[in-house]
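Visitor: I am new to this structure and would like to learn how to read its features one by one. Where do we begin?

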Amino acid sequence: MNKMSQLAATALIATGALLTTPAQATAIEWSISGPGTTSATQVDADTWSMHYDQPGYGVTRVWTVSGVADSAGDYAIDYIFSGFHSWYMAQASLTASQTGGPSTALLPNSGVSGGFNVSGSYTFAGVSAGDVLSFTITGYNWDSSAIIVGDLVLDQTSEIPEPAGLALAALGLTGLAASRRRRAA
């Protein structure tokens, strides 16, 4: 194998590594809005904890947890949804949605008397930069204790392709093609 062939093989291997190496998307900054006391706390670079607390009964309460995607791609989120919505006729639901997309029930409106703890994963697919990703929480009870309190912990686990790496790979292939043309001439 001559020097040019070795150089070409090395360039192709490096280009292949660039094409298959994903980069972590910038973590989404989540917020929560809705009735009562709410808080959003960043636990670490990729994890947020949302809390809600709204005393009452006989009326469905709704909270929205949302964040804006900074890059195009898929965003995989692990979630833990837990809470206590009292004992009698207590219900909770959790749905996920994104700009222009359908809502997906992660926890359909379910009886949760005495508390609940649900975990899983959800991927927001085909996200465009600037899209709003959201989770909607509902809570209800018909209990004189009037307790509706809960937490939603979100851990972003997604990886998306890095556009700069793809551009660098294309530049490497262009250089390789140019050097081959010069050598052939």
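Guide: We begin with a pair of side chains. The model is predicted, and in it a polar contact of 2.3 Å joins the side chains of Ser 93 and Thr 138.

Visitor: In which strand does Ser 93 lie?

Guide: Ser 93 is part of strand β7.

Visitor: Does Ser 93 count as buried or exposed?

Guide: The test is relative accessibility, and buried means under 20%. Ser 93 has 9% relative accessibility, so Ser 93 counts as buried.

Visitor: Which residues is Ser 93 in contact with, leaving aside its neighbours within four places in sequence?

Guide: Such a list shows what surrounds a residue in space. For Ser 93 the list holds Phe 81, Leu 107, Pro 108, Asn 109, Thr 136, Ile 137 and Thr 138.

Visitor: How many residues of strand β7 are buried?

Guide: Strand β7 covers residues 91-98, and six of its eight residues are buried, which leaves the strand mostly covered.

Visitor: How many bridges join β7 to strand β8, and how many join β7 to strand β10?

Guide: Bridges tell us which strands are partners. Strand β8 (residues 104-111) runs antiparallel to β7 and is joined to it by five bridges; Thr 95 stands opposite Ala 105 in β8. Strand β10 (residues 132-140) is also antiparallel to β7, with eight bridges, and there Ala 96 stands opposite Phe 135.

Visitor: How many residues lie between β7 and β8 in their hairpin?

Guide: Five residues lie between them, and in the turn Gly 100 has a positive phi of about 75 degrees.

Visitor: What is the strand order of the open sheet that holds β7?

Guide: A sheet is read across its strands, from one edge to the other. This open sheet has five strands in the order β2-β5-β10-β7-β8, with antiparallel pairing. Strands β2 (31-33) and β8 stand at the edges with a single partner strand each, so one side of each has no neighbour in the sheet. On average, neighbouring strands here are turned by 15 degrees against each other, direction ignored.

Visitor: How many bridges join β2 to β5?

Guide: Three bridges join β2 to β5, and the two run antiparallel. One position to look up is Ser 31, which stands opposite Ser 66 in β5.

Visitor: What is the order of the open sheet that contains β3 and β4?

Guide: That open sheet also has antiparallel pairing, and its five strands come in the order β3-β4-β11-β6-β9. Its edge strands are β3 (37-44) and β9 (116-127), each of which pairs on one side only. Neighbouring strands in this sheet are turned by 20 degrees against each other on average, direction ignored.

Visitor: How does β4 pair with β3 and with β11?

Guide: Follow one strand and look to each partner in turn. β3 and β4 pair in the antiparallel sense over seven bridges, and a hairpin joins them through two residues. Strand β4 (residues 47-53) pairs with strand β11 (residues 149-156) over seven bridges, again in the antiparallel sense.

Visitor: Which residues of β4 and β11 stand opposite each other?

Guide: Trp 48 has Leu 154 as its bridge partner in β11, while Met 50 stands opposite Leu 152. Trp 48 is also the bridge partner of Gln 42. As for cover, five of the seven residues in β4 are buried.

Visitor: How many residues does the largest nonpolar core have?

Guide: In soluble globular proteins, nonpolar side chains tend to be buried together. Here the largest nonpolar core has 30 residues, and those with the most contacts inside it are Trp 30, Phe 124, Phe 135 and Leu 152. The elements giving two or more residues to this core are β4, β5 (61-68), β6 (73-84), β7, β8, β9, β10 and β11.

Visitor: What is Trp 30 in contact with?

Guide: Leaving aside its neighbours within four places in sequence, its contacts include Trp 48, Met 50, Phe 124, Phe 135 and Leu 154.

Visitor: How many helices and strands does the chain have?

Guide: The chain has two helices and twelve strands. Along the sequence they follow the pattern α-β-β-β-β-β-β-β-β-β-β-β-β-α. Of the 185 residues in the chain, 35% are buried.

How values were computed: Residues numbered from 1 in each chain as written. Predicted model: local features only at pLDDT ≥ 70, side-chain atom pairs only at ≥ 80, totals over all residues. Heavy atoms only, no water. Helix = DSSP H or I, 4+ residues; strand = E, 2+ residues; numbered from the N terminus. Buried < 20%, exposed > 50% of the residue type's maximum accessible area, 1.4 Å probe, protein only. Pairing = 2+ DSSP bridges. Axes fitted to C-alpha atoms, helices over the stretch in contact; angles between N-to-C directions. Core = buried A, V, L, I, M, F, W, Y, C linked by side-chain atoms within 4.5 Å. Contact = heavy atoms within 4.5 Å. Polar contact = N/O pair within 3.5 Å; in protein donor to acceptor, adjacent residues only side chain to side chain.
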